[in-house]
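Subject: Handing over a structure

Dear colleague,

I am passing on the structure we spoke about, so that you can look at the sequence and the 3D view for yourself. My notes on what was found in it follow below.

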Amino acid sequence: MRHYQFWRHDNKPIELWTNKVIDEKINYIHNNPVEEGMVAHPEDYLYSSAKDYRGEKGILCEVIPIV
């Protein structure tokens, strides 16, 4: 039986202490599917909150974009 893990093995959380750092992390998450060639635009990925950040409604419930 194979076991898969998608989280890190260490306990080194990234502190989100400024809006700049928060924006960097959100952009990184939104752009991952684009960089992997899965979609052309961040908002094209079905489970992305990128649409919510553009003022549209995505598939995820209760996404509150950080402004």
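A salt bridge is counted here when a side-chain nitrogen of Lys or Arg lies within 4 Å of a carboxyl oxygen of Asp or Glu. Please keep in mind while reading that this is a predicted model.

By that rule the chain has 3 salt bridges, and one of them joins the side chains of Glu43 and Arg54, with a distance of 2.5 Å from N to O. Because Glu43 lies in the loop between H1 and H2 while Arg54 lies in the segment after H2, this pair ties together parts that are 11 residues apart in sequence. Glu43 is buried, since its relative accessible area is 17% and the cut-off for buried is under 20%. Setting aside residues up to four places away in sequence, Glu43 touches Ala50 and Lys51 as well as Arg54.

Arg54 also forms a salt bridge with Glu56, where the closest N and O atoms are 3.5 Å apart. Salt bridges with shared partners thus join Glu43, Arg54 and Glu56 into one network. Glu56, with a relative accessible area of 38%, is partly exposed.

Another salt bridge is found between the side chains of Lys20 and Glu24, at 3.8 Å from N to O. Both of these residues lie in helix H1, 4 residues apart, which is about one turn of the helix. Lys20 counts as exposed because its relative accessibility is 61%, whereas Glu24, at 40%, counts as partly exposed.

To place these pairs in the chain as a whole, the secondary structure comes to 2 helices and 0 strands, with H1 covering residues 19-35 and H2 covering 50-53. Of the 67 residues in the chain, 19% are buried. Among the contacts with a separation of 6 or more, 8% are between residues 24 or more positions apart.

Two further residues of helix H1 deserve a look in the 3D view. His30 is found in H1 and is buried, with a relative accessible area of 9%. The side chain of His30 reaches the backbone nitrogen of Ala50 at 3.3 Å, and, when residues up to four places away in sequence are not counted, His30 touches Pro42, Ser48, Ser49, Ala50 and Tyr53.

Pro33 also has its place in helix H1, and at 9% relative accessibility Pro33 counts as buried. The C-alpha atoms of Pro33 and Tyr45 are separated by 6.8 Å, although the two residues are 12 residues apart along the chain. Tyr45 is also among the contacts of Pro33, together with Met38 and Val39, once neighbours within four places in sequence are left aside.

Turning to the surface, the chain exposes about 6,200 Å², and carbon and sulfur atoms supply 55% of that area. Leu46, Tyr47 and Ile59 make a nonpolar surface patch of about 330 Å², and Leu46 has its place in the loop between H1 and H2, where Glu43 is also placed.

If you would like somewhere to begin, I suggest the network that joins Glu43, Arg54 and Glu56 through salt bridges with shared partners, followed by the buried residue His30.

With best wishes

Technical notes:
Residues are numbered from 1 along each chain as its sequence is written. This is a predicted model: local features need pLDDT of at least 70, side-chain atom pairs count only at pLDDT 80 or more; totals for chains, interfaces and linings use all residues. Side-chain values use heavy atoms; hydrogens and water are left out. Buried means under 20% relative accessible area, exposed over 50%, partly exposed in between (1.4 Å probe, protein chains only). A polar contact is a pair of N or O atoms within 3.5 Å; within protein, one must be able to donate a hydrogen and the other to accept it, and residues adjacent in sequence count only if both atoms are side-chain atoms. Contact means heavy atoms within 4.5 Å. Patches are made of residues with over 30% relative accessible area and no salt bridge: like charges are joined within 9 Å, nonpolar side chains (Val, Leu, Ile, Met, Phe, Trp, Tyr) within 5 Å. Accessible areas come from the Shrake-Rupley method with a 1.4 Å probe; for residues, only the protein chains shown count as cover.
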